[in-house]
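Q: I would like to learn how to read a model of this kind step by step, beginning with burial and working towards the contacts between chains. Could we take it one feature at a time?

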Amino acid sequence: MKAPAGGWTTATVSGVRRPIQRSVELRLDVHDRIDHLPGQHYVVRLTAEDGYTAQRSYSVASAPGDPLVELFVERLDDGEVSTYLADVVEPGDELEVRGPIGGWFVWDGETPALLVAGGSGVVPFVSMLRHARAIGREDLLRIAVSARTLAALPYADELAAAGALIALTREQHGIRPAGRLAAHELIPLWEPGQTAYVCGSASFAEAATQLLETAGQPASSIRVERFGPSGPPA
Amino acid sequence: MPGPTRGFLGRRRDRDPRLPPGQYDAGTDWPVLTAEPTPRIAPETWSITVDGAVESPTTWDWDQAHALPRSEYRGDIHCVTTWSKFGTWFAGVSVDSLLEAARPTAEARFVMATSKTGYTTNLPLEHITGGKAWIVWEYDGKPLPIEHGGPVRLLVPHLYFWKSAKWVTRLTLLQRDQPGFWEQNGYHDLGDPWRQQRYQGD
């Protein structure tokens, strides 16, 4: 399957939401948009008056069928682009964007998938989940997410409603005591023929892939997206 | 070119001349970005093979590779995700030493680097010859950490860093270019940071 790829274009900011601290959800009306596959990302490029530019990649949270493209941006205190997007952008602003990009960390809507995310690593999985709902194939997805607290977990309500396993390291959640995600928690989510997707910080991704291999997931069927300080991917 | 973004001032005005366009200085950080699980490779099971369009396909094991003339790189590296890292220090052997033994044929024009994980990346031959590329096992005087491609990675520092394949085990010389892993997924075939060749068509 060849993933779609789009060139530079302009997007009009249609909505700005800040449902959790230190982050922003941007709803974008992308001009001449090419539909993405769940898991792909966009690049946002900012240009100053003197021509200086800065660009960063952000995962798409919306489904391909959504008329708008939703980007989730974690605000990093020293982030030149994320502080602008979180603090300055208003509806009606125009942004230069490029996307969709990336053909590896994508879900085709047909393969059983186990999705394991840490923190804002849930974003590409929200796109997959929304797409699965739109095509009536939520049965294909198993989701496990980890965060420090429920308040720090992006899209927490939506993930909980989808039956995601939610592992919180700093607080109890339902009957689950505070603690890191464990291999025995992933085993019930495992199915033969499944592709596993792991998304999160470098340390989370490393730990999660080891958990999956412990739980019997072949390394060749694990796809990983690690966030550096610079965001995903590559 | 589009106009300025409303209200965006940008931060770095006194740009370090070592920084290619669109890059920022990651300082002491060295972000880890990999598409697959990190493989655990014992040095005694590692080897590097040069094959394809060569007169003498050759494989070196750990000790044989270390017996080749040591070569170092001191300088900057640039990742397509926009971080750059100044003043790195890597050591290993020059790719020239490997090619000298394997002897590329007159038709060889490209190379595909392959990792233990199956990761691939393509490069024009002239971009890995003439002291421009290394196979490295040392960083800052210590063994190359596994998350950065240890025990051995390719190093092609004048191109974006996805070209510097981690856990490299094979260099296959080719007469015609073929896209590697990220190149099939929308990234540029050459990846020159000074020309911002991030994606296909840049």
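A: We can, bearing in mind that this is a predicted model. Burial is a count of neighbours, and of the 234 residues of chain A, 48% count as buried.

Q: What radius of gyration would a compact globule with 234 residues have, and what does chain A have?

A: The general idea is to compare the chain with a rule for globules: a compact globule with 234 residues would have a radius of gyration near 17 Å, and chain A agrees because its own value is 17 Å. Along the principal axes, the C-alpha atoms of chain A fill a box of roughly 55 × 40 × 30 Å. Chain A holds five helices and 11 strands, and among its contacts between residues at least 6 apart in sequence, 66% join residues at least 24 apart.

Q: Is A:Gln172 buried or exposed, and why?

A: Burial is judged by counting C-beta atoms within 10 Å, with 12 or fewer taken as exposed. A:Gln172 has 11 other C-beta atoms within 10 Å and is therefore exposed. A:Gln172 is found in the loop between strand 9 (165-168) and helix 4 (183-186) of chain A, and, not counting residues up to four places away in sequence, A:Gln172 touches A:Pro177 and A:Ala178. From A:Gln172 to A:Pro154 there are 18 residues in sequence and 17 Å in space, C-alpha to C-alpha.

Q: Which residues touch the most other members of the largest nonpolar core?

A: A core can be read as a network of buried nonpolar residues joined through their C-beta atoms. The largest one here has 116 residues, and those touching the most other members are A:Leu71, A:Leu115 and B:Ile135. Helix 2 (residues 123-134) of chain A gives the most to this core, namely six residues, while domain 1 (8-101) and domain 2 (113-227) of chain A each supply at least three. Leaving aside neighbours within four places in sequence, B:Ile135 is in contact with several residues of chain B, among them B:Ile48, B:Ala65, B:Val152 and B:Val168.

Q: What does UniProt list for residues 37-182 of chain B?

A: An unreviewed UniProt entry lists these residues as "domain: Oxidoreductase molybdopterin-binding". Over residues 37-182, chain B is 10% helix and 41% strand, and the end C-alpha atoms lie 16 Å apart.

Q: How many residues does the contact take from chain B and from chain A?

A: The contact takes 33 residues from chain B and 39 residues from chain A. On the side of chain B that touches chain A, the residues divide into 17 nonpolar, 12 polar and four charged.

Notes:
Residues are numbered from 1 along each chain as its sequence is written. Chains are lettered from A and ligands numbered from 1 in the order in which they are written. This is a predicted model: local features need pLDDT of at least 70, side-chain atom pairs count only at pLDDT 80 or more; totals for chains, interfaces and linings use all residues. A nonpolar core is a set of buried Ala, Val, Leu, Ile, Met, Phe, Trp, Tyr and Cys residues joined through C-beta atoms within 7 Å. A residue is buried if 20 or more other C-beta atoms lie within 10 Å of its own, exposed if 12 or fewer, and partly exposed in between; C-beta atoms are placed from the backbone. Helices (H or I, at least four residues) and strands (E, at least two) are DSSP runs, numbered from the N terminus. Domain bounds come from an automatic or database domain assignment. Two residues are in contact if their C-beta atoms, placed from the backbone, lie within 7 Å. UniProt positions are given in the numbering used here, feature names are shortened, and annotations may be inferred rather than shown by experiment. Ala, Val, Leu, Ile, Met, Phe, Trp, Tyr, Cys and Pro count as nonpolar, Asp, Glu, Lys and Arg as charged, and the others, Gly among them, as polar. The radius of gyration is taken over C-alpha atoms; the globule rule is 2.2 Å times the number of residues to the power 0.38.
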